[in-house]
Amino acid sequence: MSARVDIPADTSAAAKGTAPLIAAASTHVRGGYKKGLAIFDFVLRLGAVAAALAAAATMGTSGQTLPFFTQFFQFEASYDDLPTFQFFVIAMAIVSGYLVLSLPFSVVAIIRPHATAPRLLLIILDTVALTLNTAAAAAAVAIVDLAQNGNSSANWLGICQQFDDFCQSATGAVVASFIAAGVLLFLIVISALALRKR
């Protein structure tokens with residue numbers, strides 16, 4: 001007496017149950033973090049555009065005139081009196097222009113999260129923009145510090161007691177530029193994380 005049991009040799013996905021579905025879900029989860037990083041990258045780029053544009057506009061419109069005795073003899077402080085502030089305005093305008101032009105590449109990274117070419121281009125150009133932003137911000141903060149505190153060794157007096165509105169505008173522009181630099185640094189880190197093989 002022997003009993004014979006027939007087992008069908010069907011190896012299709014339907015016979016195996018949900019194993020292929022689990023593999024497909026894990027592939028989707030692995031690619032999902034790159035899409036999330038790309039969306040976060042786009043939002044941060046919008047914030048960096050706002051900060052860089054605010055820095056350029058605030059410095060570009062900073063100026064104050066003080067009347068002295070008569071209406072014809074006046075003291076004036078403006079951003080275009082100092083070449084460092086002119087460099088700051090031009091550099092921050094270039095950075096904000098670049099950030100606006102980089103938004104379509106960030107959208108491509110959202111649509112195609114596994115594409116490496118847009119990410120590689122963004123990480124290189126973001127590094128250049130960060131360098132320009134940091135150079136402009138560092139140069140401007142030195143002049144703002146000199147305007148506020150002066151330099152006793154060189155007998156230079158601070159002008160911020162008289163030109164307080166001008167100094168507040170310049171200080172606000174420098175703060176906005178450092179915020180933009182911090183966001184650019186974070187964008188570089190995000191792009192590097194998205195380029196990781198996983």
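**Group meeting: a walk through a five-helix, two-strand chain**

Hi everyone. Let me start with burial: of the 198 residues in the protein chain, 34% are buried. Please keep in mind that this is a predicted model. The accessible surface of the chain comes to about 12100 Å², and carbon and sulfur atoms account for 68% of that area.

Now the layout. The chain has five helices and two strands. Reading from the N terminus, the order is α-α-β-β-α-α-α. On contacts, take those between residues at least 6 apart in sequence: 78% of them join residues at least 24 apart. We will meet some of those long-range partners in a moment.

Let me go to the charged residues. How many salt bridges does a search of the whole structure find? The search gives three. Asp41, Arg45, Arg119 and Asp126 are linked in a network of salt bridges, and I'd like to take you through that network one pair at a time.

We begin inside one helix. Asp41 forms a salt bridge with Arg45, with the closest N and O atoms 2.9 Å apart. Both residues sit in helix α2, four residues apart, which is about one turn of the helix. Both of them are also buried.

Next, Asp41 has a second partner. Its side chain meets that of Arg119 in a salt bridge, at 3.6 Å from N to O. This pair links distant parts of the chain, with Asp41 in helix α2 and Arg119 in helix α4, 78 residues apart. Are these two buried or exposed? Asp41 has 0% relative accessibility, so it counts as buried. Arg119 has 2%, so it counts as buried too.

The remaining pair brings Arg45 back. Asp126 forms a salt bridge with Arg45, and here the closest N and O atoms are 2.6 Å apart. Again, distant parts of the chain are linked: Asp126 belongs to helix α4 and Arg45 to helix α2, 81 residues apart. Asp126 has a relative accessible area of 0% and is therefore buried. Arg45 is buried as well, also with a relative accessible area of 0%.

For those of you who like to look at polar contacts, the side chains of Asp126 and Arg45 are also joined by one, at 2.6 Å. And what else does Asp126 touch, leaving aside its neighbours within four places in sequence? Besides Arg45, the contacts are Tyr98, Leu184, Leu187, Ile188 and Ser191.

So much for charges; on to rings. A search of the whole structure finds one aromatic pair. The ring centres of Phe40 and Phe186 are 5.9 Å apart and their planes stand at 90°, so the pair is edge-to-face. The two rings come from distant parts of the chain: Phe40 is in helix α2 (residues 19-60) and Phe186 in helix α5 (residues 164-195), 146 residues apart. As for burial, Phe40 counts as partly exposed because its relative accessibility is 39%. Phe186 is partly exposed too, with a relative accessible area of 41%.

Let me turn to the surface. Which residues make the nonpolar surface patch of about 420 Å²? They are Phe105, Leu120, Leu121, Ile124 and Leu125. Helix α4 (residues 117-149) supplies the largest share of this patch, four residues. Ile124 is placed in that helix, and so is Asp126. If you have the structure open, compare those two: Ile124 is part of the surface patch, whereas Asp126 is buried, with a relative accessible area of 0%.

One last stop, also in helix α4: Gln148. With a relative accessibility of 35%, Gln148 counts as partly exposed. Not counting residues up to four places away in sequence, Gln148 touches Gly158, Cys160, Gln161 and Thr171. There is also a C-alpha distance to mention: Gln148 and Gln168 are 20 residues apart along the chain, and their C-alpha atoms are separated by 9.9 Å.

To recap what I'd like you to take away: a network of salt bridges links Asp41, Arg45, Arg119 and Asp126, one aromatic pair turns up in the whole structure, and helix α4 gives the largest share of the nonpolar patch. Thanks for listening, and I'm happy to rotate the model for anyone who would like another look.

Terms used. Residues numbered from 1 in each chain as written. Predicted model: local features only at pLDDT ≥ 70, side-chain atom pairs only at ≥ 80, totals over all residues. Heavy atoms only, no water. Patch = residues over 30% accessible without salt bridge, like charges linked within 9 Å, V, L, I, M, F, W, Y side chains within 5 Å. Areas by Shrake-Rupley, 256 points an atom, 1.4 Å probe, with all protein chains shown as cover. Salt bridge = Lys/Arg side-chain N within 4 Å of Asp/Glu carboxyl O. Buried < 20%, exposed > 50% of the residue type's maximum accessible area, 1.4 Å probe, protein only. Contact = heavy atoms within 4.5 Å. Phe/Tyr/Trp six-rings, centres within 6.5 Å; stacked < 30°, edge-to-face > 60°. Polar contact = N/O pair within 3.5 Å; in protein donor to acceptor, adjacent residues only side chain to side chain.
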